[in-house]
Amino acid sequence: MESKQGYYTFCAIPKQDKELTLGNVELEGQSTPLQLIDYKEFSMVVASAPIKIYHPKKDNLLTHQSVVSSMMEKSSVIPMSFGNVFESEADVQFLMKSLHDEFVEIFAKIENKIEVGLKIMGKDEWLKSEINKNQKAIKLKEKIRGKSEAASYYERIELGDMAQRFMKEKMQACMKEIFLPLAEKAVSAKQNDTIGGKMLINASFLIDRDDEEQFDKLVNDLYENWSDKVEFKYSGPWPAYNFIDIKLKAKNA
């Protein structure tokens, strides 16, 4: 039995004065044109799609992100969360009506702005050389070498605490010398949770499109100063995911 068709939502944009060329998108193996559904001064970018549960498979996620990214080239966007599909145009307009005040507030903050991300990982050689400067840590390592975990239980706890303090110190140095100078150049900045033992910074920055080149140059200059110690993973531009307070989520019909 063929699934009933609805509207899959990608992102909201300010209503445009000129007609946009939107193109097509492939959803679940079928090509369908992107469309706009308007409510007052905003438009929702949608595509006709079966009303069903859309699983966050790699292809589906990439499709969703590619549409949002392509719209970023034309306008400021508020991305919808993945997998939202509505029964009718009226349902999409009802959502936009309920979120209208949030849209007004958010677009005022993100107009002509983009998000970029920066992850900083400590290089193994640098981290090892730095921790080896701590004589107490070296003595503890020697003390527990060859001992069972039970026999060296408390020494291992102490060594673990020292390692945590060591990483915290390196994170604080990166915050002071890298994050803060970038945050001063950004409209807004956010430090996200770090992932993995070697990650020192996981930051997001909201920057004006007109300042993107200068911001990129500052990132490159800071990397040159730290390149023998850390690796940079600089990404973007992205929609302002980390600077949008509301979560746009709707139930599938």
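**Sheet order and aromatic pairs**

Me: Which order do the strands of the open sheet of four have?
Reply: The order is 8-9-7-10, and the pairing in this open sheet is antiparallel. Strands here are DSSP runs of E of at least two residues, helices are runs of H or I of at least four, and both are numbered from the N terminus; two strands pair if DSSP finds at least two bridges between them.

Me: Is this model predicted or not, and what should I keep in mind?
Reply: The model is predicted, so local features need pLDDT of at least 70 and side-chain atom pairs count only at pLDDT 80 or more, while totals for chains, interfaces and linings use all residues. Residues are numbered from 1 along each chain as its sequence is written, and side-chain values use heavy atoms, with hydrogens and water left out.

Me: Back to the sheet: which are the edge strands?
Reply: They are strand 8 (188-191) and strand 10 (230-238), each of which pairs on one side only.

Me: And how many bridges join strand 7 to strand 9?
Reply: Nine bridges join strand 7 (residues 113-122) to strand 9, and the two run antiparallel; within this pairing, V116 stands opposite F205 of strand 9.

Me: What lies across strand 7, strand 9 and strand 10?
Reply: Helix 7 (residues 212-226) does, running at about 170° to strand 10. Axes are lines fitted to C-alpha atoms, for helices over the stretch in contact (heavy atoms within 4.5 Å), and angles run from 0 to 180 degrees between N-to-C directions.

Me: New topic: how many aromatic pairs does the structure hold?
Reply: It holds 10. Rings of Phe, Tyr and Trp (its six-membered ring) pair if their centres lie within 6.5 Å, and planes under 30 degrees apart count as stacked, over 60 as edge-to-face and the rest as tilted. In one pair, the ring centres of Y8 and F82 are 6.5 Å apart and the planes stand at 70°, so the pair is edge-to-face.

Me: Are Y8 and F82 buried or exposed?
Reply: Both are buried, where buried means under 20% relative accessible area, exposed over 50% and partly exposed in between, with a 1.4 Å probe and protein chains only.

Me: What about F179 and F205?
Reply: They form a tilted aromatic pair, 5.6 Å centre to centre with 40° between the planes. F179 lies in helix 6 (residues 153-185) and F205 in strand 9 (residues 199-208), so the pair ties together parts 26 residues apart in sequence. Both F179 and F205 are buried.
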